[in-house]
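Here's a quick tour of a model you may want to open in your viewer. We'll start with a pocket and then turn to a pair of helices.

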Amino acid sequence: MLRVFRWRVKESRLARVCEKHYILRVEAPSHRIVMTVSNGIKKLKLHLLEEKFTISKLPVFQELPQIIGNGEYCFSMRTEDELTVVTPDFMAPSNVQQEPGWRGFYIDGQLPFQAVGLLYSLTKPLAEAGIPIFAFSTFSTDFIFIPEDMLIQAVQALQHAGHEFIHKE
């Protein structure tokens, strides 16, 4: 049975639409994402990034390279053991441990913090296809990086699971 869920922070409505699929519409102040749910797996709209990325491990005490603060798609995470940065290949720091050759995609739209199972709906078909991932979340959405040589397999696995890749200009 296909159902439309409309969620506005404290308000929840169900409306019947069809069979075997669910359309989940999540709306909250400044957040909007539309996804389909089938057999418990959320179906999402995804945007593939054009750049190739490098994942680099820097010493924990090293300052974040200034160029990373200027990049459009750059990510960093510092723990007590290391500083990890994800950058387009051309911006990757030199003379550090690196894993080059990754491609990334993200969930289209802004995700509310209350959304559950979004990464699972993406990682499950990738794991079943034997594709390793590197995931990174921002305040608004989730990014997944996959080895570039497995890009076609990854796109096929995600499309087979019902996810849709969209193109943004």
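## The largest pocket

A pocket here is an open set of grid points, on a 1 Å grid over the protein atoms alone, with protein on both sides within 12 Å along at least five of seven lines. Keep in mind that this is a predicted model.

So how big is the largest pocket? Its volume comes out at about 150 Å³. There are 13 residues lining it, and those closest to its centre are Leu-111, Pro-112, Phe-113, Ala-115 and Asp-142. Sorted by class, the lining holds seven nonpolar residues, five polar ones and one charged one.

## Where H2 meets H3

Now for the helices. H2 covers residues 118–128 and H3 covers residues 151–160; their axes come within 9 Å and cross at roughly 125°. That angle is why H2 counts as oblique to H3. As for handedness, the H2–H3 crossing is right-handed.

Which residues make the contact? On the H2 side they are Leu-122, Pro-125 and Leu-126, and H3 brings Ala-154, Ala-157 and Leu-158. By class, that gives six nonpolar residues, with no polar and no charged ones in the contact of H2 with H3.

Methods:
Residues are numbered from 1 along each chain as its sequence is written. This is a predicted model: local features need pLDDT of at least 70, side-chain atom pairs count only at pLDDT 80 or more; totals for chains, interfaces and linings use all residues. Side-chain values use heavy atoms; hydrogens and water are left out. Axes are lines fitted to C-alpha atoms, for helices over the stretch in contact, and angles run from 0 to 180 degrees between N-to-C directions. Helices (H or I, at least four residues) and strands (E, at least two) are DSSP runs, numbered from the N terminus. Angles under 35 degrees count as roughly parallel, over 145 as roughly antiparallel, 65 to 115 as roughly perpendicular and the rest as oblique. A crossing is left-handed if the near helix is turned anticlockwise from the far one by less than a right angle, and right-handed if clockwise. Contact means heavy atoms within 4.5 Å. Ala, Val, Leu, Ile, Met, Phe, Trp, Tyr, Cys and Pro count as nonpolar, Asp, Glu, Lys and Arg as charged, and the others, Gly among them, as polar. On a 1 Å grid over the protein atoms alone, a cavity is a set of points where a 1.4 Å probe fits but cannot get out, and a pocket is an open set with protein on both sides within 12 Å along at least five of seven lines; lining residues have an atom within 4 Å of a point. Grid points are joined across faces, edges and corners, and a volume is the space filled by probe spheres set on the points.
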